[in-house]
Protein chains: 8
Amino acid sequence: MTTETTTGTTPRPIVGLVMGSDSDWPVMEAAADALAEFGIPFEADVVSAHRMPTEMIRYGQTAHERGLRVIIAGAGGAAHLPGMLASVTPLPVIGVPVPLKTLDGMDSLLSIVQMPAGVPVATVSIAGARNAGLLAVRILASGTDELAATLRADLLDFAQELNDVATRKGA
Amino acid sequence: MTTETTTGTTPRPIVGLVMGSDSDWPVMEAAADALAEFGIPFEADVVSAHRMPTEMIRYGQTAHERGLRVIIAGAGGAAHLPGMLASVTPLPVIGVPVPLKTLDGMDSLLSIVQMPAGVPVATVSIAGARNAGLLAVRILASGTDELAATLRADLLDFAQELNDVATRKGA
Amino acid sequence: MTTETTTGTTPRPIVGLVMGSDSDWPVMEAAADALAEFGIPFEADVVSAHRMPTEMIRYGQTAHERGLRVIIAGAGGAAHLPGMLASVTPLPVIGVPVPLKTLDGMDSLLSIVQMPAGVPVATVSIAGARNAGLLAVRILASGTDELAATLRADLLDFAQELNDVATRKGA
Amino acid sequence: MTTETTTGTTPRPIVGLVMGSDSDWPVMEAAADALAEFGIPFEADVVSAHRMPTEMIRYGQTAHERGLRVIIAGAGGAAHLPGMLASVTPLPVIGVPVPLKTLDGMDSLLSIVQMPAGVPVATVSIAGARNAGLLAVRILASGTDELAATLRADLLDFAQELNDVATRKGA
Amino acid sequence: MTTETTTGTTPRPIVGLVMGSDSDWPVMEAAADALAEFGIPFEADVVSAHRMPTEMIRYGQTAHERGLRVIIAGAGGAAHLPGMLASVTPLPVIGVPVPLKTLDGMDSLLSIVQMPAGVPVATVSIAGARNAGLLAVRILASGTDELAATLRADLLDFAQELNDVATRKGA
Amino acid sequence: MTTETTTGTTPRPIVGLVMGSDSDWPVMEAAADALAEFGIPFEADVVSAHRMPTEMIRYGQTAHERGLRVIIAGAGGAAHLPGMLASVTPLPVIGVPVPLKTLDGMDSLLSIVQMPAGVPVATVSIAGARNAGLLAVRILASGTDELAATLRADLLDFAQELNDVATRKGA
Amino acid sequence: MTTETTTGTTPRPIVGLVMGSDSDWPVMEAAADALAEFGIPFEADVVSAHRMPTEMIRYGQTAHERGLRVIIAGAGGAAHLPGMLASVTPLPVIGVPVPLKTLDGMDSLLSIVQMPAGVPVATVSIAGARNAGLLAVRILASGTDELAATLRADLLDFAQELNDVATRKGA
Amino acid sequence: MTTETTTGTTPRPIVGLVMGSDSDWPVMEAAADALAEFGIPFEADVVSAHRMPTEMIRYGQTAHERGLRVIIAGAGGAAHLPGMLASVTPLPVIGVPVPLKTLDGMDSLLSIVQMPAGVPVATVSIAGARNAGLLAVRILASGTDELAATLRADLLDFAQELNDVATRKGA
């Protein structure tokens, strides 16, 4: 698993991409790819809610202080990572349900999306890590700074590109 | 249904709260309440994907030009509104699955969350409109401007308040 | 994907066969085959609700003006194509739930069949594209013109043929 | 239950509306209402697949000979009526899953929609009888005769009316 | 598919084993094997509810007149065969849900087991054809004639044999 | 709960009707009614697999020795009664899934129907106790004795009566 | 909600009974009752995983140091409390899925039971708080001390009592 | 299958590991491994509820007399073994839902976890045999004897090891 992303003089990460296990990486990698496509500096790490609970809480509590603006968290089965992080950070947390060997990710989906009132998780589709990355881009693009303006333009280009590709396939 | 929210000299809405039918309002009202609690100017309207498709597309296409920064969309059954809006706007779209008479909202949830790669919807729990509002606040709070800083502080206070209430109940 | 179907002096297509992605073609091809077996002129194309929303709306709005009499639409996951087309055309729209990697097409089925009152989609079984084609034939055969009379006779022959094949297998 | 619909000099029914039990009528009535709104002459009757199998087969076999052009069939639980009728008629059959005391109609839906290749049923949503009626209208409107032209225009008006009502609610 | 079972001077079949398609045979074969193990004369055939409806009705209506005492019927998807046969015969009908490509046989199970009051189907597990055969043996063994006495003794031996095998495996 | 059924000079019970709890009686009563309608002598009792395991095993082991020919067993949730009885008797066991407060009887259904190869349970619909009674009648009617002949005739009359009632409702 | 249980000179609690919200108390109360019936000293409190994450972690980390020997945790929806406690304590944690307004507790069940390898939660049935209490008693009774011996005898009496009550109901 | 575990002068087994079929061993083996890692003496055997009901009851009834302190029971489909054992023993019973060919273990899970009030089963995740073993360790570690103290320390080490491994993977 490639966990380091920003080296040398690259800007400080603004998205934290975490997952409950390194076995989630084949699914979660698509989130990293999406962020990279839009030039978003990010960090990726394994932060297990169940095996590293203290570190997980600390990760969430300090995330916004370390400059992160969005957290993407993927987990499978009784997937508690996205919701637990959301409970200790004011940042928007995007949850990716990772499908395991049985139940096709339905357990992961419900464990992530059915959060109680007060602590939201922005849930994407089962194994939908690419959309998690794109949602992080949309969130950053909803801001009022220069980065947001750039990303908003990039997203409009991206939508046009999706359209072009789909149109060509249908032609 | 109270659809107008900003009158007089109130600031321009920055969150658009839409739903497929006015019968969704009893569920969706909680999103409006959450936004109001944090002082977020918003607009609320019925924009049906199936009965007002052209207006729906236009609503989505122009949303960011009109100053909206986040869209919250609630719908039930074959719930296409959040996904269709997401396909025509670069803004982050938050989807609220509204439960109808049968299936307990499972159809609404799957119709909203299982979006194809390229067009994310930030899905919250079934009938989780309050969390949709709070997620919009978190998104606005993830920005780099003064509003974001204020909201971030408010969210930390809000989390503390949740904690205090829960603690008192348990005492 | 073979999208062109009518060339030379062949009659104008009367069935539009569309799908959300060219990856749906292996499933949807069976609809084309069924139409071809009954000699129905049709067109096939990729028209993605989420990546080509404007084109999709236009496709639906103009379908009956271009001479189409039935639309068959296949899509997977949060499958919005059949329902969105149904919202902008007076034509009967047949929806085919395409199963994706997880959930066995249950998400596709519910996203297509659970349409709100006012906008029906004639849903067939998961991956049931052949039946979508046959349903289109039945619809055309329910008319009052010469084509209908011919198709009705063909359908009776077809049912007899199904019967013969099943009987032979059991013999 | 009002089973007779056409008396006096009214035109011959062109839609057959049947259900497995008179207890389905509270759900199925909405199909009758939709047909009546568009002036479609229809007949309504109880035709149980399980308690009147011979009559059911005969109903299906003779339907097109009696002038019916579309059949709407509603049933609950192990709902075999729509599929069995479809197996003995060349007409398009619209199936309405009626929810019973348990399972919220999921058993009815799967029993109706999951038909094998060769025998399609045009399935609408759980308890979606109104849409069944509207789908019958769309099918009749897809024809090439004068009735079709009239109904097509009526359907466009109907869509506009849906739009107007939704827009007013949102205003 | 091996459909013939009784040749030469073998006794008349007393169990009818039918299935909706010859593709069900790999699942249904285990019922034939179980019947053969207990020396029950039976017949096996394809009798499709949807492709051979008239023959299916006739098969059911005449089954008891032809000397059959139990019917075993397997089908998949919208599995109507067991229930339809039960509606036209006074014989006990055993239904076997055959799993198809999607939904793991849940659609087959619900289509078979959820019969309305008045027309029972004795449903066994998904793909549980062996148990269907054994249930037929139990039914025959519940009689008052000599065959029943023999089968009852055989079933007690069979249970002991199951016990012995399981015990040896655990040893 | 009326557990006694045979008093005075009434014939010895040939059907055993048991349930896991007296709270199942409102559902299971319909089985008793069906048996009574056909004049089948039966006994009814609470025999809990989980609270009376030894008695339950003994009930099953001695059932056929006491003259019972069919067992009907109803239970809810993790419903083990039908399957456990089937494991200790050579008699056909009919299982009735009783729905509890949550899950609509789906847990009961799967716990009863999904028996391993070797030990069949004849499962009827969720809360389908009337059909359990009728299935017992069909099983008794599949015999070769005088009772069977009488019951077979009664079942044909019963089917005709069902038909008449359904036909009248539809008239 | 009665949260205090041991006052005065009562022995130190050995079971911790916690829940995510005081709205879970009507369900969870049955666990307290079961513990009280067996004379087990326990404490009951609201410890929300999502609103009191730090306190929740601390509760779990210190539980065994404070003399607790078993933890019972109830929660609904995306129910993270039992699993998160299990991740920070060596004690056995019993999870009770609390059903909320939709999904009948299926989301709660999967969120609790589907824990990853390494961190077990002993899950009981949906709303099965009484069984959670009884399971705690069984765990304490599996020990080697005097309390265990006493509880083991009490559990045997309890089982006999269940048997007696069930037998009387069936009589 | 390795069923013997304690030979020679090894201590008497204190955990009984049983399963319904030797085909469950590939899943259940992980429970044995976990017990072995913590040095817990155990026995493993096939004890089928359905094929060895009398032996199963006896196994449960005598388990605590033979010195067992915890039972782990795995089964698939209509999985009755854990619940039936729990009904005849005062010991804590841990149930492992074994997934079979269809339904992904959902039938196994519900058959095990949905036990009626009075007879608890400590259910772990689908195929979660390793967690069953670890839960047995936690239960033994909750005691008051020397073994418990040792195991508690071992469990704390184990948790730290899980943490270390997860941290290294993320590094």
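## Close-up views of a predicted model

**View 1. Glu43(C) and Tyr59(C) meet through their side chains, joined by a polar contact of 2.7 Å.** Welcome to this predicted model; we begin with a single pair of residues. Glu43(C) belongs to strand β2 of chain C, the stretch of residues 42-46. Is Glu43(C) buried or exposed? Its relative accessibility is 17%, so Glu43(C) counts as buried, the cut-off being under 20%.

**View 2. In chain A, Arg66(A) and Glu43(A) form a salt bridge between their side chains.** The N to O distance here is 2.9 Å. The two partners come from distant parts of the chain, 23 residues apart. Arg66(A) sits in the loop between α2 (53-63) and β3 (70-76), while Glu43(A) lies in strand β2 (residues 42-46). Their surroundings are worth a look too. Arg66(A) has a relative accessible area of 33% and is therefore partly exposed, whereas Glu43(A), with 18%, is buried.

**View 3. A salt bridge crosses between chains, from Asp22(B) to Lys169(D).** The side chains of Asp22(B) and Lys169(D) meet at 3.6 Å, N to O. On the chain B side, look for the loop between β1 (15-19) and α1 (25-37), which holds Asp22(B). On the chain D side, look for helix α6 (residues 146-170), which holds Lys169(D). Asp22(B) is partly exposed, with a relative accessible area of 27%. Lys169(D) also counts as partly exposed, with 38% relative accessibility.

**View 4. Two helices of chain E are linked by a salt bridge between Glu37(E) and Arg130(E).** The side chains of this pair come to 3.0 Å, N to O. Glu37(E) is part of helix α1 (residues 25-37), and Arg130(E) is part of helix α5 (residues 129-141). How many residues apart are the two partners along the chain? They are 93 residues apart, so the pair links distant parts of chain E. Arg130(E) is partly exposed, at a relative accessible area of 24%. For the wider setting, the count of salt bridges over all chains comes to 32.

**View 5. Helix α4 of chain H, residues 106-113, is mostly covered.** How many of the eight residues of this helix are buried? Eight of its eight residues are. To follow them one by one, start at Met106(H) and go on to Asp107(H), Ser108(H) and Leu109(H), then Leu110(H), Ser111(H), Ile112(H) and Val113(H).

**View 6. Chain F and chain E come together with 40 residues from each chain in the contact.** Chain F can be laid on chain E by a turn of 180° and a shift of 0.0 Å along the axis, with an RMSD of 0.0 Å. The two copies are thus related as by a two-fold rotation axis. Both copies use the same surface, for 100% of the contact residues of chain F recur in chain E. Between them, the two chains bury about 3300 Å², with 62% of that area on carbon and sulfur atoms. Within chain F, the residues that lose the most area to chain E are Pro90(F), Pro120(F) and Arg138(F), which together make up 20% of what that side buries.

**View 7. The contact of chain F with chain E has 21 residue pairs in polar contact, both residues at pLDDT 80 or more.** Which elements of chain F each supply at least two residues of the side that touches chain E? They are α4 (106-113), β5 (122-123), α5 (129-141) and α6 (146-170). Of these, α5(F) gives the most, with six residues. By class, the side of chain F that touches chain E divides into 25 nonpolar, 10 polar and five charged residues. The count of salt bridges between chain F and chain E is zero.

**View 8. Chain C and chain D form a contact that takes 40 residues from each of them.** A rotation of 180°, with 0.0 Å of shift along its axis, superposes chain C on chain D at an RMSD of 0.0 Å. Here too the same surface serves both copies, as 100% of the contact residues of chain C recur in chain D. About 3300 Å² is buried between chain C and chain D. In chain C, Pro90(C), Pro120(C) and Arg138(C) lose the most area to chain D.

**View 9. Some chains do not touch, including chain A and chain D.** The closest C-alpha atoms of chain A and chain D lie 17 Å apart. Chain D and chain G do not touch either, and their nearest C-alpha atoms are 12 Å apart.

Methods. Residues are numbered from 1 along each chain as its sequence is written. Chains are lettered from A and ligands numbered from 1 in the order in which they are written. This is a predicted model: local features need pLDDT of at least 70, side-chain atom pairs count only at pLDDT 80 or more; totals for chains, interfaces and linings use all residues. Side-chain values use heavy atoms; hydrogens and water are left out. Copies are superposed by least squares on the C-alpha atoms of residues with pLDDT of at least 70 in both. Contact means heavy atoms within 4.5 Å. Buried area is the accessible area (1.4 Å probe) that two parts lose on being put together, summed over both. A salt bridge is a side-chain nitrogen of Lys or Arg within 4 Å of a carboxyl oxygen of Asp or Glu. A polar contact is a pair of N or O atoms within 3.5 Å; within protein, one must be able to donate a hydrogen and the other to accept it, and residues adjacent in sequence count only if both atoms are side-chain atoms. Helices (H or I, at least four residues) and strands (E, at least two) are DSSP runs, numbered from the N terminus. Ala, Val, Leu, Ile, Met, Phe, Trp, Tyr, Cys and Pro count as nonpolar, Asp, Glu, Lys and Arg as charged, and the others, Gly among them, as polar. Buried means under 20% relative accessible area, exposed over 50%, partly exposed in between (1.4 Å probe, protein chains only).
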